[in-house]
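Subject: Structure handover and notes

Dear colleague,

I am passing on to you the structure we spoke about, with its sequence, and below it you will find my notes. Please read them with the structure open beside you.

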Amino acid sequence: MVKEQWNRSKTGEIDPRKGKLTLIIQRAELTRDTEMFGKMDPYVRITFDSKFRKTSVKQEGGKIPIWNEKFVIDVNNYYQNITFKVYDEDPTNDDLVGQVTLTVSELIANSPSRELKLQFEKKKEVGKLFVTQEWKQKE
């Protein structure tokens with residue numbers, strides 16, 4: 001039945017899987033620190049549909065960086081994965097602090113404000129990424 005509904009959408013009906021996802025990457029609370037000296041310079045890299053976007057680097061942002069940066073993503077299938085990775089910028093090689101992957105449909109379910117649990121190696125929780133989202137279905 002679902003397949004038929006999606007096929008019918010090709011004839012002009014609204015396809016519920018397509019839309020615009022507006023994200024605001026608010027802040028993070030990190031428990032993992034990759035710096036031996038000084039504070040981390042964190043940023044978030046968002047990967048969706050083989051493309052990526054990146055927040056600004058918060059110089060000396062440490063373990064509680066604040067971004068409040070907005071991104072708009074065109075979505076053709078909300079069952080696709082979206083990945084958020086928090087990195088610490090370094091002169092030679094940026095260090096992965098933590099990451100989370102979920103589908104767009106999981107992200108937009110329930111509340112517009114989400115607290116995403118970041119993980120590192122072997123599913124160890126290393127903090128939280130706070131995101132606000134808004135979903136607008138294409139008409």
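In what follows, a salt bridge is a side-chain nitrogen of Lys or Arg within 4 Å of a carboxyl oxygen of Asp or Glu. By that criterion Lys128 and Glu115 form a salt bridge, with 3.4 Å between the closest N and O atoms. Lys128 belongs to strand β8 (residues 124-137) and Glu115 to strand β7 (residues 113-120), so this pair ties together parts that are 13 residues apart in sequence. Lys128 is partly exposed, at 26% relative accessibility, and Glu115 is likewise partly exposed, with a relative accessible area of 44%. Please keep in mind throughout that this is a predicted model.

Overall picture

The protein has two helices and eight strands, and, read from the N terminus, the order of its elements is α-β-β-β-β-β-β-α-β-β. Of its 139 residues, 40% are buried. If one takes the contacts between residues at least 6 apart in sequence, 60% of them join residues that are at least 24 apart. The surface that the protein exposes comes to about 8,600 Å², and carbon and sulfur atoms supply 47% of that area.

Salt bridges

The pair described above is one of five salt bridges found in a search of the whole structure. Another of them links the side chains of Lys20 and Asp74, at 2.5 Å from N to O. Here Lys20 lies in strand β1 (residues 19-30) and Asp74 in strand β4 (residues 66-75), so the bridge ties together parts that are 54 residues apart in sequence. As for their surroundings, Lys20 has a relative accessible area of 38% and is therefore partly exposed, while Asp74, with a relative accessible area of 43%, is partly exposed as well.

A further salt bridge is formed by Glu134 with Lys136, where the closest N and O atoms are 3.8 Å apart. Glu134 is partly exposed, with a relative accessible area of 41%, whereas Lys136 is exposed, its relative accessible area being 52%.

Thr103 and Ser105

A second place to look at is the passage from strand β6 (residues 95-103), in which Thr103 lies, to helix α2 (residues 104-108), in which Ser105 is found. The side chains of these two residues are joined by a polar contact of 3.0 Å. Both partners fall under the 20% relative accessible area that marks a residue as buried: for Thr103 the value is 14%, so Thr103 counts as buried, and for Ser105 the value is 19%, so Ser105 counts as buried too.

Their contacts point to one stretch of the chain, if neighbours within four places in sequence are left aside. On that basis Thr103 is in contact with Tyr78, Tyr79, Gln80, Asn81 and Ile82, and Ser105 is in contact with Tyr78 and Tyr79.

The β2-β3 hairpin and positive phi values

Strand β2 (residues 42-48) and strand β3 (residues 51-54) run antiparallel and are joined by four bridges. One bridge pairs Ile46 with Arg53, which is its partner in β3. The two strands form a hairpin with two residues between them, and Asp49, in the turn, has a positive phi of about 55°.

Where else did a positive phi turn up in a residue other than glycine? One such residue is Asn68, whose phi is near 50°, and this residue is found in strand β4. Asn68 is exposed, with a relative accessible area of 52%. Another is Lys122, with a phi near 60°, whose place is in the loop between β7 and β8. Lys122 counts as exposed, at 84% relative accessibility. That loop follows the strand of Glu115 and precedes the strand of Lys128, since Glu115 lies in β7 and Lys128 in β8, the pair with which these notes began.

With kind regards

Methods
Residues numbered from 1 in each chain as written. Predicted model: local features only at pLDDT ≥ 70, side-chain atom pairs only at ≥ 80, totals over all residues. Heavy atoms only, no water. Buried < 20%, exposed > 50% of the residue type's maximum accessible area, 1.4 Å probe, protein only. Contact = heavy atoms within 4.5 Å. Areas by Shrake-Rupley, 256 points an atom, 1.4 Å probe, with all protein chains shown as cover. Polar contact = N/O pair within 3.5 Å; in protein donor to acceptor, adjacent residues only side chain to side chain. Pairing = 2+ DSSP bridges.
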